[in-house]
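This report walks through a few features of one protein model, taking a salt bridge, two helix pairs and a single threonine in turn. Please keep the sequence and the 3D view at hand while reading.

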Amino acid sequence: MVSSASAIRPGAIVTIAALLMVAATFVPLGYIVSTLVSTGWHETAQLVFRPRVAELLRNTAELVVLTVPICVALGIGLAWIVERTDVPGAAWWGPIFAAPLAVPAFVNSYGWVSVIPSLHGLWAGVLVSTVSYFPLVYLPAAATLRRLDPAVEESARALGSGPVAVFARIVLPQLRLAILGGGLLISLHLLAEYGAFAMIRFDTFTTAIFQQYQSSFAGAAGSTLSGVLVVLCLVLLAGEATVRGRARYARIGGGAQRGANRIRLGLTKIPMFALLTAALAATLGVPLWTIGRWLKIGGSAVWNTTDIGESLGQTIGLAATAAVITTLCAFPVAWVAVRSTSRFARIIEGANYITSSLPGIVIALALVTVSIRWLPALYQTAATILAAYTLMFLPRALVSVRAGLAQVPVGLEEASQALGKSPAATFFRVTLRLTAPAAAAAAAMAFVAVATELTATLLLAPNGTNTLAMQFWQLSGELDYAAAAPYALIMIIVSVPVTYLLFTQSRKAAGL
């Protein structure tokens, strides 16, 4: 009989593969550190402590401080209205407010700039960021509200607490993890976003790094800005972990397997419905209306089937290849994380999340430098850009693959090996089959992330590459908004299935 320990313990091959992935994820950090060391402390200090960096830091801080609370308030407010009230069409509003994730932020910026050509600056950045990223709070908040035990709230009301007090004392603390997690994701997106802010002429560290790269390739100034951006990302990660602490919010036992009674809105039903409609118009209505308007203005002339077909083919090719590679790379890391409880396993898993929090432009610059200095044959090749996609989106695949592996009964693997099957045969016949749905979800999420990625693609794409995002960016940069509209529409269509997948997964997580 095969022992339980030997059945579940990661083997040498899996461990080595996981270590290689960790080593690869530290390439961007190593690039930043080595560049700053080679620059020297004196020159680095001069580059860091200058008015331009202070301006970028102020812009970035103001953007995060203003946008995150607005997204949190909007996400929680909409989730509460949809999940806890009798607002008309509650079943439809759920997927509708997940749908804005299908619209890339730079497409949202394109939509709003088309409607308000003078839109620029900080508040324009807050507007575009809010309509793009609030679902990152809405989805986990809605899922949490669906699985809360209604008996706790009913007990509080029975003891004399009003609706506001119940929400503040009972419901809001239960949403803490959704608020912190969603706020962290939004903050990291704000640090990494390039296209949306470049279009509205709002300078952040990412736009400044890109401009510096274009003017002086990988100079010391750009590397220094990258270093500051990395520090900001790490500060956000550490801050979220500190605030989150070790508190857990879970009921003991099965609890009441029923949903909470919906609050009857009465006369406030109309203004609540109007509020949901206004949110829909701002988040989906503006970009879709803009795309439709430009398509109508451009007519059939903007549908250059040759160029669109070529861009779509290149996008699908890169995205499909990257999705497969990313999902395969996630398996050894997920295996170690699930089948081992050691500190080593936690380090391996955590390293991938830290690196993925870095903006794509930092990862791209690191790979440019590494390929030029040590692997020149890989410079501006598909291998380099696929490596960047893998480093950037591995955690998205890792979350799904890890969840799938965690649900595989170890007893089935033990039984397979007890019947004489090798570990490899057991993996392919038992583990992989049971993990296939989670792996497919991981690949789908990586596919859409790559299909709509802009910054790293602009820096690393081989000559002759024109993805949908690149073509859209080039044409919108030339103010040919009509010609850019088909590319925006196709990117949204490509993203819709995965957005719906995220919504359905959140409902499954809530037990619905």
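In which helix do Arg-52 and Glu-55 both lie, and how many residues apart are they?

## A salt bridge within one helix

The model shown here is a predicted one. Arg-52 and Glu-55 both belong to helix H5, which covers residues 51-84, and they are three residues apart, about one turn of the helix. Their side chains meet in a salt bridge, with a distance of 3.4 Å from N to O. A search of the whole structure finds four salt bridges.

## Helices H7 and H8

Two packed helices are described by the angle between their axes and the distance between the axes. For helix H7 (residues 105-115) and helix H8 (residues 122-133), the angle is about 130° and the axes are 9 Å apart. Because angles from 115 to 145 degrees fall outside the ranges for roughly perpendicular and roughly antiparallel, H7 is oblique to H8. The crossing in which H7 passes H8 is right-handed.

On the H7 side, the residues that take part in the contact are Ala-105, Asn-108, Ser-109 and Trp-112, and in H8 they meet Leu-127, Val-128, Val-131, Ser-132 and Tyr-133. Sorted by class, the residues of this contact of H7 with H8 comprise six nonpolar and three polar ones, with no charged residue.

## Helices H19 and H20

Further along the chain, helix H19 (residues 360-373) and helix H20 (residues 382-406) have axes that come within 10 Å and cross at roughly 140°. That angle makes H19 oblique to H20, and H19 passes H20 in a right-handed crossing.

The contact brings Gly-360, Ile-363 and Leu-367 of H19 together with Thr-384, Ala-387, Ala-388, Leu-391 and Met-392 of H20. By class, six of the residues in the contact of H19 with H20 are nonpolar and two are polar, while no charged residue is present.

## Thr-504 in helix H25

What does a polar atom of the side chain of Thr-504 lie 2.8 Å from? The partner is the backbone oxygen of Leu-501. Thr-504 itself is found in helix H25, which spans residues 481-509.

Thr-504 can also be related to a residue elsewhere in the sequence, namely Pro-95, which is 409 residues apart from Thr-504 along the chain. In the predicted model, the C-alpha atoms of Thr-504 and Pro-95 are nevertheless separated by 8.5 Å.

Notes. Residues numbered from 1 in each chain as written. Predicted model: local features only at pLDDT ≥ 70, side-chain atom pairs only at ≥ 80, totals over all residues. Heavy atoms only, no water. Helix = DSSP H or I, 4+ residues; strand = E, 2+ residues; numbered from the N terminus. Polar contact = N/O pair within 3.5 Å; in protein donor to acceptor, adjacent residues only side chain to side chain. Axes fitted to C-alpha atoms, helices over the stretch in contact; angles between N-to-C directions. Parallel < 35°, antiparallel > 145°, perpendicular 65-115°, else oblique. Left-handed = near helix turned anticlockwise from the far one by under 90°. Contact = heavy atoms within 4.5 Å. Nonpolar A, V, L, I, M, F, W, Y, C, P; charged D, E, K, R; others polar.
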